[in-house]
Amino acid sequence: MGSGTSPKGSAGGSNATSGNEKKGQAKPGGPVLEEAQTCCGCRFPLVVALLQLLLGIAVAGVAFLMITISPSLLARETPHWAGIIMCVVSLLGFILFCITRVPDERASVQFIIKLLYFFLCTMGLVISVVVIAFQCYHYALTNSYHCTEMMEDCMCTLDPDDPIARTFTYRGVTDCSAIISTLPMYYLLQMVLNLAQAIICLVGAFLIWKHRYQVFFAGLQTGSPSAQDWQKV
């Protein structure tokens, strides 16, 4: 009858449907891998660079506030240089975030920026640890002070009964409470900020190391000379 359906026609329709399904599926190691790289691996984590920038500004800002207490404070007591270095590291992180990912063999600029970022993160980690050590020393030192006001200066010593004890002079300080109470609070705040800064530097260096050295490809190429056909382990 005219209303009947041909088996060949139905078979042809099913073959066409299955063919369309096969075309819709991505080849293993092909576009799926590219999409995964685009989603996960092509952009540097923005949170790390943003935290580095915020911590760098905070460390430098607290250091400049410490300088306003007394101009006699040493550079190791006011680590604004550690905050400035961290801001430079964060700028490199933002550059890595903006760079479009291409294979490493064809991206010499990207490789140089990654290497420089890894080096600065490592240096920032070491500098933060050094700053923490200095701040701990000065925090313990100021807590042992015995201070007296002399005109526009504050004279502090560790032992007021010892005539040959070392004396610390803070110029431009008319109220010694700024040295005894306010300055140790800034030292403590610098220790906390630089500890967080060291952790973020460690995370940033680890991400660069993991992306560069912890991804290995093994196996034989199958059918295509493209590097996408290698099996990742």
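Axes here are lines fitted to C-alpha atoms, for helices over the stretch in contact, and angles run from 0 to 180 degrees between N-to-C directions. Keep that in mind for the helix pairs below. The model on screen is predicted.

**Whole chain**

Start with a cartoon view of everything. The chain holds six helices and five strands. Read from the N terminus, the order of elements is α-α-α-α-α-β-β-β-α-β-β. Colour by burial next: of the 233 residues, 30% are buried. Now switch to a contact map. Take contacts between residues at least 6 apart in sequence: 65% of them join residues at least 24 apart.

**Stop 1: helix 3 and helix 4**

Two packed helices are described by the angle between their axes and the distance between the axes. Select residues 46-69 for helix 3 and residues 80-98 for helix 4. Their axes come within 7 Å and cross at roughly 160 degrees. That angle is over 145, which means helix 3 is roughly antiparallel to helix 4. The crossing of helix 3 with helix 4 is left-handed.

Show side chains at this contact. On helix 3, pick Leu 46, Ala 49, Leu 50, Gln 52, Leu 53, Gly 56, Ile 57, Val 59, Ala 60, Ala 63, Phe 64 and Ile 67. Facing them on helix 4 are His 80, Ala 82, Gly 83, Met 86, Cys 87, Val 89, Ser 90, Gly 93, Phe 94 and Phe 97. How do the residues of this contact of helix 3 with helix 4 divide into nonpolar, polar and charged? There are 16 nonpolar, six polar and no charged.

**Stop 2: helix 4 and helix 5**

Keep helix 4 and add helix 5, residues 108-142. The axes of helix 4 and helix 5 come within 10 Å and cross at roughly 155 degrees. Helix 4 is therefore roughly antiparallel to helix 5. This crossing, too, is left-handed.

From helix 4, the contact uses Trp 81, Ala 82, Ile 85, Val 88, Val 89, Leu 92, Gly 93, Ile 95 and Leu 96. From helix 5 come Ile 113, Lys 114, Leu 116, Tyr 117, Leu 120, Cys 121, Met 123, Ile 127 and Val 131. Residues of this contact of helix 4 with helix 5 split into 16 nonpolar, one polar and one charged.

**Stop 3: Thr 142**

Stay on helix 5 and select Thr 142, which belongs to this helix. Is Thr 142 buried or exposed? Thr 142 has a relative accessible area of 2%, so this residue is buried. Set aside its neighbours within four places in sequence. Thr 142 then contacts Ile 179, Leu 183, Pro 184 and Tyr 187.

**Stop 4: Gln 190**

Move to helix 6, residues 177-213, and select Gln 190 within this helix. Its relative accessibility is 0%, so Gln 190 counts as buried. Which residues touch Gln 190, leaving aside its neighbours within four places in sequence? Label Val 59, Val 62, Ala 63, Met 66, Pro 79 and Gln 135. Then draw a distance from Gln 190 to Pro 79. These two lie 111 residues apart along the chain, yet their C-alpha atoms are separated by 8.3 Å.

**Stop 5: the three-stranded sheet**

Hide the helices. Three strands form an open sheet in the order 1-2-3, and the pairing is antiparallel. Strand 1 (146-150) and strand 3 (167-171) are at the edges. Each has a single partner strand, so one side of each lacks a neighbour in the sheet. On average, and with direction ignored, neighbouring strands of this sheet are turned by 25 degrees against each other.

Zoom in on strand 1 and strand 2 (residues 153-157). They pair in the antiparallel sense over five bridges. Follow the partners across: His 146 stands opposite Thr 157, and Cys 147 has Cys 156 as its bridge partner. Strand 1 and strand 2 form a hairpin with two residues between them. Select Met 151 in the turn: its phi is positive, about 55 degrees.

Cross to the other side of strand 2. Five bridges join strand 2 to strand 3, and these two run antiparallel. Cys 154 has Tyr 170 of strand 3 as its bridge partner.

Finish on strand 3, with side chains shown. They alternate along the strand. Phe 168 and Tyr 170 point to one face and are buried. Thr 167, Thr 169 and Arg 171 point to the other face and are not buried.

Terms used. Residues are numbered from 1 along each chain as its sequence is written. This is a predicted model: local features need pLDDT of at least 70, side-chain atom pairs count only at pLDDT 80 or more; totals for chains, interfaces and linings use all residues. Side-chain values use heavy atoms; hydrogens and water are left out. Helices (H or I, at least four residues) and strands (E, at least two) are DSSP runs, numbered from the N terminus. Angles under 35 degrees count as roughly parallel, over 145 as roughly antiparallel, 65 to 115 as roughly perpendicular and the rest as oblique. A crossing is left-handed if the near helix is turned anticlockwise from the far one by less than a right angle, and right-handed if clockwise. Contact means heavy atoms within 4.5 Å. Ala, Val, Leu, Ile, Met, Phe, Trp, Tyr, Cys and Pro count as nonpolar, Asp, Glu, Lys and Arg as charged, and the others, Gly among them, as polar. Two strands pair if DSSP finds at least two bridges between them. Buried means under 20% relative accessible area, exposed over 50%, partly exposed in between (1.4 Å probe, protein chains only).
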